[in-house]
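Me: I would like to go through the labels used for this model and ask what stands behind each one. Short answers, please.

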Amino acid sequence: MRIAMVVAEPSGDNIAANLIRAMKAQDIAFEISGICGPAMVKEGAIANYSIDEIASLGVEGLFGRLRKILKIRRDYVQSLLLDPPDVFIGIDAPDFNLSIEERLREAGIPTIQYVAPTVWAWRGYRIHKLKRAVEHLLSIYPFESALFEKTGISFTYVGHPLASQIASRDSLPDRTAYGARENDKVVAILPGSRINEVRRLAHIFLRTAVNLSQTEPNLKFVAPFANHETFEHFEQVLNNMATDIRIEMVMHDSLNVIGASDLVIAASGTAALEAALLGKPVVVSYRVSQLTYWMVKLLSKTRHYSMLNHFSGGPIIPEFMQSDCTVGNIRQEALRLLQDTKYRASMLEKFASIAKQLQCDTHHLAVREILRVAKR
């Protein structure tokens, strides 16, 4: 079976790699190629293009690379039309993948979208393109089901891949590996996986860390990064601050860093969900360009940005967006989560409920649906 697959973010690369491992475990004969990340390649996928070539998706950082990204998409679609795969799987990145899926489905190639666009939160008009483009949708959030049933889109709720991955972990991370002493509290700093995110958040997060360390001197800060570009920018900002703050910077180790932490300060995105699934309190912040912010405000159907705040009983976590993303606001919530045991316990109880909702036999369900669609 030949599978074409596209990912555009590290989180999608992680989903794809786990999916490939699940297919290997079921002894399925398959070949995967497409736009791949390093985790996919490590599992044997053939990279026609690298994830790095299309990584600047969304409004933020897109316009400067739009021509190259669109050319890659055109060329890739043409190659698939000339040599059709048994099935195409787009993982997340709906702004990139739905257009591919629409062209391929018109040509009779089965299409699957793994991770739905957040049409229930903003840009709801995309539901029409989703319905045209996708033969089957693999949904990862339980509250999406009512919408897709209503619109008649063929879908399967498979749970969240991260929930399955984290639930299967059989060992705790070693806090001392990050230089933490016995009585230290570890604070994980995750300013995002994209360079534009880190450029906007690095200074704010680092100033917050300095401020926190003045109040809580036994804090150890650890910052994991997904690529060298973000690592180097964060390091440069840290060096320019000329502070003696205790901060450890590491590469490709976010789950272990979060698992070893007592508190997470993160950009809005996958890191917040990882924290929830690992049972770690989190404060979420985000800044974008003013143009992006007003576009989101204009097209949004919800007041909340973090996915965790869309579960029943929400909002669950503090989130500080745009002008609210300040050292003072983040520091106040961080100290509350470090010092107020009742507040902390309440958040972790809600996290446990979310983890239970998201834990399914995700990879088995996803593989089952992929095989079913491919055979059709």
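The turns below take up a helix pair, a group of rings and one strand residue.

Me: Before we start, what kind of model is this?
Reply: This is a predicted model.

Me: Why is H4 called oblique to H5?
Reply: Helix H4 (residues 94–106) and helix H5 (residues 126–133) pack at about 40°, their axes 8 Å apart. Angles under 35 degrees count as roughly parallel, and 65 to 115 as roughly perpendicular. The angle of about 40° falls in neither range, so H4 is oblique to H5. The crossing of H4 past H5 is left-handed.

Me: Which residues make the contact between H4 and H5?
Reply: From H4 come Pro94, Asp95, Leu98, Ser99, Glu101, Glu102 and Arg105. They meet Arg126, Lys129, Leu130, Lys131, Arg132 and Ala133 of H5. By type, the residues of this contact divide into 8 charged, 4 nonpolar and 1 polar.

Me: What makes the pair of Tyr141 and Phe143 stacked?
Reply: The structure holds 7 aromatic pairs. In the pair of Tyr141 and Phe143, the centres are 5.6 Å apart and the planes differ by 15°. Ring centres must lie within 6.5 Å to pair, and planes under 30 degrees apart count as stacked. Both conditions are met, so the pair is stacked.

Me: Why is the pair of Tyr141 and Phe311 called edge-to-face?
Reply: Here the values are 6.2 Å centre to centre and 75° between the planes. Edge-to-face needs an angle over 60 degrees. The 75° passes that cut-off, so the label holds.

Me: What makes this pair a tie between parts apart in sequence?
Reply: Tyr141 sits in the loop between strand E6 (136–139) and helix H6 (145–151). Phe311 sits in the loop between helix H12 (290–299) and strand E13 (319–321). The parts tied together are therefore 170 residues apart in sequence. Ring pairs link Tyr141, Phe143 and Phe311 into a cluster.

Me: How do you know whether Tyr141, Phe311 and Phe143 are buried or partly exposed?
Reply: Buried means under 20% relative accessible area. Tyr141 has 8%, so Tyr141 counts as buried. Phe311 has 3%, so Phe311 counts as buried. Phe143 has 28%, between 20% and the 50% limit for exposed, so Phe143 is partly exposed.

Me: Why does Thr156 count as buried, and what does Thr156 contact?
Reply: Thr156 is found in strand E7 (residues 155–157). Its relative accessibility is 13%, which is under 20%, so Thr156 counts as buried. Leaving aside neighbours within four places in sequence, Thr156 is in contact with His136, Leu137, Leu138, Ser139, Arg368 and Glu369.

Notes: Residues are numbered from 1 along each chain as its sequence is written. This is a predicted model: local features need pLDDT of at least 70, side-chain atom pairs count only at pLDDT 80 or more; totals for chains, interfaces and linings use all residues. Side-chain values use heavy atoms; hydrogens and water are left out. Axes are lines fitted to C-alpha atoms, for helices over the stretch in contact, and angles run from 0 to 180 degrees between N-to-C directions. Helices (H or I, at least four residues) and strands (E, at least two) are DSSP runs, numbered from the N terminus. Angles under 35 degrees count as roughly parallel, over 145 as roughly antiparallel, 65 to 115 as roughly perpendicular and the rest as oblique. A crossing is left-handed if the near helix is turned anticlockwise from the far one by less than a right angle, and right-handed if clockwise. Contact means heavy atoms within 4.5 Å. Ala, Val, Leu, Ile, Met, Phe, Trp, Tyr, Cys and Pro count as nonpolar, Asp, Glu, Lys and Arg as charged, and the others, Gly among them, as polar. Rings of Phe, Tyr and Trp (its six-membered ring) pair if their centres lie within 6.5 Å; planes under 30 degrees apart count as stacked, over 60 as edge-to-face and the rest as tilted. Buried means under 20% relative accessible area, exposed over 50%, partly exposed in between (1.4 Å probe, protein chains only).
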